[in-house]
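Me: I would like to learn how to read burial, surface patches, ring contacts and cores in a model. Could we go through them one at a time?

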Amino acid sequence: MSVQPLLTTSTAPAHERVAYWGDLVQRSFGRLRSRTYGDERFHGEIRRYQLGELRLCRLEASRHAVERTSGAGGLSDPGDLKMVVQRRGCSVFEQGGRRALLAPGSWSVYDTTQSYTVSNPEDVLQYVLLLPRSRILDGTAALRDLQVDFPDVAMGS
């Protein structure tokens, strides 16, 4: 597993932190628009790990929101399935007419090739696992169409 350098707004001058955060988010998660609710004391950091094709990030930040529109992809952004585990704070994930509220200990999975919004109205700590979409869906057009068959498991008495 390779550990990549810590990405943090603390290295940027205070008046540049919001724009710098937007750059850090794009560098870590692809083409997203970020906003920080006008928080002048915004702070955020992302620690990234790479294990083969899997990417894991630890994101800790002041309140903020990110948005992706489906036309925001590109050659360098083939799309991932993103699993977010909420550790602190609450977040609202919206995609395809669905909405999920994440509280500490809950998680969500969504497709980064589709438009989505993540609102973090308070400080958050999240673990984000990025899985290559093409490897997981294996020809299935959409995450909602993915069916997993588990073999019957005999329960002992």
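Me: Is Leu 54 buried, partly exposed or exposed?

Reply: Buried means under 20% relative accessible area, exposed over 50%, and partly exposed in between (1.4 Å probe, protein chains only); because its relative accessibility is 33%, Leu 54 counts as partly exposed. This is a predicted model, in which local features need pLDDT of at least 70 and side-chain atom pairs count only at pLDDT 80 or more, whereas totals for chains, interfaces and linings use all residues. Residues are numbered from 1 along each chain as its sequence is written, and side-chain values use heavy atoms, with hydrogens and water left out.

Me: Which element holds Leu 54, and which residues make the nonpolar surface patch of about 310 Å²?

Reply: Helices (H or I, at least four residues) and strands (E, at least two) are DSSP runs, numbered from the N terminus, and Leu 54 belongs to strand β5, residues 54-61. A patch takes residues with over 30% relative accessible area and no salt bridge (a side-chain nitrogen of Lys or Arg within 4 Å of a carboxyl oxygen of Asp or Glu), joining like charges within 9 Å and nonpolar side chains (Val, Leu, Ile, Met, Phe, Trp, Tyr) within 5 Å. Areas come from the Shrake-Rupley method with a 1.4 Å probe, and for residues only the protein chains shown count as cover. Here Leu 54 joins Met 1 and Leu 51 in a nonpolar patch of about 310 Å².

Me: How many aromatic pairs does a search of the whole structure find?

Reply: Rings of Phe, Tyr and Trp (its six-membered ring) pair if their centres lie within 6.5 Å, and planes under 30 degrees apart count as stacked, over 60 as edge-to-face and the rest as tilted. The search finds 3 such pairs. Phe 93 and Tyr 110 form a tilted one, 5.3 Å centre to centre with 50° between the planes, which links distant parts of the chain, from strand β8 (residues 91-95) to strand β10 (residues 107-111), the two residues being 17 apart. Phe 93 counts as buried because its relative accessibility is 6%, and Tyr 110 is buried with a relative accessible area of 6%. Together with Tyr 116, Phe 93 and Tyr 110 form one aromatic cluster.

Me: Which residues have the most contacts inside the largest nonpolar core?

Reply: A nonpolar core is a set of buried Ala, Val, Leu, Ile, Met, Phe, Trp, Tyr and Cys residues joined through side-chain atoms within 4.5 Å. The largest has 21 residues, and Trp 21, Phe 29, Ile 46 and Leu 59 have the most contacts inside it. At least two residues each come from α1 (17-29), β5, β11 (116-120) and β12 (124-132), with α1 giving the most, 4 residues.
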